[in-house]
Structure formats: C-alpha cells, structure tokens
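Please look over the sequence and the model below before reading on. The report that follows describes how the parts of the chain are arranged.

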Amino acid sequence: MKRLIAYFITISLLLGCVGNAKEATAQAKIHATVKDNKRPISTHKATRANQVWMWDITYLNGPIKGMHYYLYMFSDLYSRKIVGWEVWESEDAKHASELVKRIYRDEKIYIRNMQKEPLVLHSDNGSPMKGTTMLETLYALGITPSKSRPRVSNDNPYAESLFKTLKYVPNFQPQGFATLTEARLWVKRFVEWYNNEHRHSGINYVTPSQRHMGLDQEVLRKRKEVYEKAKERHPERWAKGTRVWSFSEEEWLNPRQEAETKKEAKVL
C-alpha cells in the first residue's frame with residue numbers, strides 16, 4: 001500500500017514538472033514577442049513617390065591619401081529617384097538637417113497633411129542619422145525617422161546599391177577629386193544622368209524621374225505594344241513570350257523582415 005501511494009505521489013510530481021515546463025516555455029514565447037515588438041521597424045511599403053525616403057553618407061576620395069569628402073544622398077523608395085544630395089568636407093548632423101529641409105521644400109511636402117499622408121525617412125544607425133539636430137528637424141517637419149536594426153548591415157540596401165552604382169560608372173575618379181567644387185560638379189552630373197537617363201532594372205527599366213512623376217505606367221504600356229507588334233511581324237525570332245513589362249504598384253524596403261514577422265505571428 002505504501003509503495004502504491006509513493007508511486008502516485010511520484011507521478012503527480014512528474015506531471016507537475018511537465019506542466020511547469022510547458023508554462024515556462026509559453027511565458028518565454030510571450031516575453032520574446034514583447035521584446036520583438038520593441039525592435040525598431042525597418043520594413044516599409046511605398047505605393048507612390050514621397051512616402052518613404054532613404055539616405056546615407058559615403059566617402060569620396062580627396063586630392064591626397066586619407067582626405068575625404070562626404071556625399072550625403074537621399075533617394076525615394078518608390079521611384080528610386082535621388083531627391084536630394086550634397087557634398088561636404090565633414091560628417092555632421094547639421095549638414096543632414098539643412099539638406100532634408102531643402103528636399104522638403106523642393107518636393108513640396110509642406111502642402112500635404114502629414115498625419116494622413118506620413119513620410120518615413122530610413123537610415124542606418126550612424127552618428128549623423130541619430131544626431132539631436134537631425135532628429136529635431138525631422139520631428140518639426142512631421143517626418144517619421146526609421147533606423148536599421150542593430151547589428152544588421154543590410155537594412156538599408158537601396159542606399160548602398162545606389163552608392164555602388166555611383167562608384168562603378170566609367171568616369172568616376174577613385175584616385176580623388178582635386179577640390180570640393182570638382183566633387184560637387186561630378187555628383188551633379190551623375191544625379192542628372194541617374195534620374196533622367198538611367199533605365200533602372202529595379203523599376204522595370206524606366207527612369208527614376210519617369211516613375212517619380214507617374215509616367216512609367218504609360219511608358220511600359222507603349223513598350224509592351226512595341227514588343228507584341230515585333231513578335232507578330234517576326235514570330236520566328238521569339239522562342240517564348242515577350243518580356244513582361246508589368247507595372248509595379250508597390251515597393252518594399254526589407255520585405256524579408258515582413259515575411260519573418262508574419263511567420264512569427266502565425267506560430268504564436
């Protein structure tokens with residue numbers, strides 16, 4: 001009889017331990033969810049121009065080794081257009097603040113209701129991006145700052161890709177610009193080419209300016225007609241269908257993180 005009682009007591013204790021372990025696991029998931037919800041949101045969607053901007057700073061070589069100029073560049077997520085830029089001799093939040101004010105005026109953001117039509121500015125976690133002067137300017141203008149996740153190096157991919165395009169064009173001067181004015185003139189020519197002539201692969205080979213102004217849908221429609229007529233005249237040249245010249249209604253920044261968030265929510 002004593003053995004039977006001891007057996008039941010042992011079973012009860014074991015079941016209690018299992019129950020506590022399950023409860024602890026559930027609590028850990030809840031705490032992890034709360035912690036994840038506190039992470040900075042770096043995933044954004046744009047369905048038209050001037051909803052999400054991205055910016056970063058890169059070095060431009062100066063006239064001697066170890067001397068650099070600093071290129072500040074802002075671009076639009078939806079259109080990929082460079083909406084503003086400037087080259088300075090130092091890396092400072094004050095410079096970024098001056099530039100964002102200028103872009104705000106040039107893009108006529110002041111005429112819209114920022115509560116109904118919010119504007120997000122995404123960047124990495126560099127000192128100029130987090131500077132008090134810059135943040136005060138953003139809040140004063142009604143712009144929502146967005147930062148990359150800590151220790152994640154690819155949360156601002158389009159800005160990095162833009163700098164790579166800039167530094168791989170044939171007439172770039174990796175040996176260095178002789179003066180600040182020379183650097184500014186070179187970047188000015190690059191921006192004009194990039195916005196108005198460069199057929200961007202990420203937006204189906206229309207120019208950033210065409211997409212920014214809402215002309216890309218008509219350009220793609222006409223391009224599709226040209227391809228279809230060419231196939232009708234010479235079908236033997238086309239083993240498959242023509243290239244898909246589809247119009248994209250939305251652009252995502254870091255869509256992988258959005259997919260991960262949905263997956264986590266589903267599990268929980």
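## Overall layout

Among contacts between residues at least 6 apart in sequence, 62% join residues at least 24 apart. The model is a predicted one. Its secondary structure comes to nine helices and seven strands. Of the 268 residues of the protein, 38% count as buried.

## The five-stranded sheet

Five strands make up an open sheet in the order β4-β3-β2-β5-β6, and their pairing is mixed. Two strands stand at the edges, β4 (82–88) and β6 (143–147); each has a single partner strand, so one side of each is left without a neighbour in the sheet. From one strand to the next, the twist averages 25°.

The pairs of neighbouring strands are listed here.

| Strand pair | Direction | Bridges |
|---|---|---|
| β3 and β4 | antiparallel | six |
| β2 and β3 | antiparallel | nine |
| β2 and β5 | parallel | three |
| β5 and β6 | parallel | five |

Single residues can be followed across these pairs. Between β2 and β3, Asn61 has His68 as its bridge partner. These two strands form a hairpin with six residues between them, where Gly66 takes a positive phi near 90°. Between β3 and β4, Ser75 stands opposite Ile82, and Phe74 has Gly84 as its bridge partner. The hairpin of β3 and β4 has five residues between the strands, and Arg80 in its turn has a positive phi of about 65°.

On the parallel side, Trp53 stands opposite Leu121 in β5. Leu121 in turn has Pro145 in β6 as its bridge partner.

Two of the strands are described by their burial as well. In β3, eight of the nine residues are buried, so this strand is largely enclosed by the rest of the structure. In β5, five of the five residues are buried, so β5 is also largely enclosed by the rest of the structure. Both faces of β5 are covered: Leu119, Leu121 and Ser123 lie on one side, Val120 and His122 lie on the other, and all of them are buried.

## Helices on the sheet

Six bridges join β3 (residues 68–76) to β4, and two helices pack on the sheet that holds these strands. Helix α2 (residues 93–106) touches β2 (52–61), β3, β4, β5 (119–123) and β6, and its direction makes about 150° with that of β4. Helix α6 (residues 180–196) touches β2, β3 and β4, and its direction makes about 170° with that of β4.

## A buried arginine

Arg112 is found in the loop between α2 and β5. Is Arg112 buried or exposed? Its relative accessibility is 17%, and buried means under 20%, so Arg112 counts as buried. Leaving out residues up to four places away in sequence, Arg112 touches Asn50, Gln51, Glu117, Pro118 and Leu119. Of these, Leu119 is one of the buried residues of β5.

## A pocket and a cavity

The second largest pocket holds about 210 Å³ of space. It is lined by 14 residues, and the closest to its centre are Ile82, Val83, Gly84, Trp85 and Val191. The elements that give two or more residues to this lining are β4, α2 and α6. Which element gives the most to the lining of the second largest pocket? That element is α6, with five residues. The lining of this pocket divides into five nonpolar, three polar and six charged residues. Ile82, which stands opposite Ser75, and Gly84, the bridge partner of Phe74, are among the residues closest to the centre of this pocket.

The count of cavities of 30 Å³ or more comes to one. About 30 Å³ of space lies in the largest cavity. Its lining is made by Trp55, Leu121, Ser123, Met129, Met134, Leu138, Pro145, Ser146 and Lys147. The elements that give two or more residues to this lining are β5, α4 (132–141) and β6. The largest share, three residues, comes from β6. By kind, the residues lining the largest cavity divide into six nonpolar, two polar and one charged. Leu121 and Pro145, which are bridge partners, both line the largest cavity.

Conventions: Residues are numbered from 1 along each chain as its sequence is written. This is a predicted model: local features need pLDDT of at least 70, side-chain atom pairs count only at pLDDT 80 or more; totals for chains, interfaces and linings use all residues. Side-chain values use heavy atoms; hydrogens and water are left out. Two strands pair if DSSP finds at least two bridges between them. Helices (H or I, at least four residues) and strands (E, at least two) are DSSP runs, numbered from the N terminus. Axes are lines fitted to C-alpha atoms, for helices over the stretch in contact, and angles run from 0 to 180 degrees between N-to-C directions. Contact means heavy atoms within 4.5 Å. On a 1 Å grid over the protein atoms alone, a cavity is a set of points where a 1.4 Å probe fits but cannot get out, and a pocket is an open set with protein on both sides within 12 Å along at least five of seven lines; lining residues have an atom within 4 Å of a point. Grid points are joined across faces, edges and corners, and a volume is the space filled by probe spheres set on the points. Ala, Val, Leu, Ile, Met, Phe, Trp, Tyr, Cys and Pro count as nonpolar, Asp, Glu, Lys and Arg as charged, and the others, Gly among them, as polar. Buried means under 20% relative accessible area, exposed over 50%, partly exposed in between (1.4 Å probe, protein chains only).
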